[in-house]
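User: I should like a close look at one part of a protein model, with each technical term explained as it appears. Please keep the answer connected.

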Amino acid sequence: MCLGIPAQIVELVDADASLAKAEISGVRRNVSVALCPDAAVGDWVLVHVGFALERIDEEHARETLALLEQMGEAYEQELRELRESATQ
């Protein structure tokens with residue numbers, strides 16, 4: 001299952017390549033911010049398959065994360081896949 005997951009931008013890695021480091025439920029990985037060129041450090045974005053699709057406010061991000069956590073195993077599987085892909 002692929003989910004759009006809220007993440008917070010923690011670092012701009014390469015502005016020319018539109019890459020940022022985002023923290024997704026404790027996992028940090030590089031994501032493309034090409035679709036969200038105004039995303040800045042501290043902003044929350046909705047990430048799907050390595051792309052930040054849109055900026056979202058913190059309240060929306062936290063509500064979505066709470067709902068995802070309620071999904072149980074499906075959400076845990078998505079987090080495992082994120083951790084594995086972050087180390088490759």
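How many bridges join β2 to β3, and do these strands run parallel or antiparallel?

Analyst: β2 and β3 run antiparallel and are joined by six bridges. This is a predicted model, in which local features need pLDDT of at least 70 and side-chain atom pairs count only at pLDDT 80 or more, while totals for chains, interfaces and linings use all residues. Residues are numbered from 1 along each chain as its sequence is written, and side-chain values use heavy atoms, with hydrogens and water left out.

Strands here are DSSP runs of E with at least two residues, and helices are runs of H or I with at least four, numbered from the N terminus. Two strands are said to pair if DSSP finds at least two bridges between them. Between β2 and β3, Glu 23 has Arg 28 as its bridge partner in β3. The two strands form a hairpin with two residues between them, and Ser 25 takes a positive phi near 50°.

β2 also runs antiparallel to β1, to which five bridges join it. Here the partner of Asp 14 is Leu 19 in β2. Four residues separate β1 and β2 in their hairpin, and Ser 18 in the turn has a positive phi of about 55°.

Consider next the side chains of β2. In a regular strand, side chains alternate between the two faces of the sheet. In β2, Ala 20, Ala 22 and Ile 24 point to one face and are buried, whereas Leu 19, Lys 21 and Glu 23 point to the other and are not. Buried means under 20% relative accessible area, exposed means over 50%, and partly exposed lies in between, computed with a 1.4 Å probe on protein chains only.

This leads to the interior. A nonpolar core is a set of buried Ala, Val, Leu, Ile, Met, Phe, Trp, Tyr and Cys residues joined through side-chain atoms within 4.5 Å. The largest such core has 22 residues, of which Ile 5, Ile 9 and Val 33 touch the most other members. β2 (19-24) and β3 (27-32) are among the elements that each supply at least two residues of this core, as are the helices α1 (58-70) and α2 (73-86). In soluble globular proteins, nonpolar side chains tend to be buried together.

Val 33 links these points. A contact means heavy atoms within 4.5 Å. Not counting residues up to four places away in sequence, Val 33 touches Ile 9, Ser 18, Leu 19, Ala 20, Ala 39 and Ala 52.
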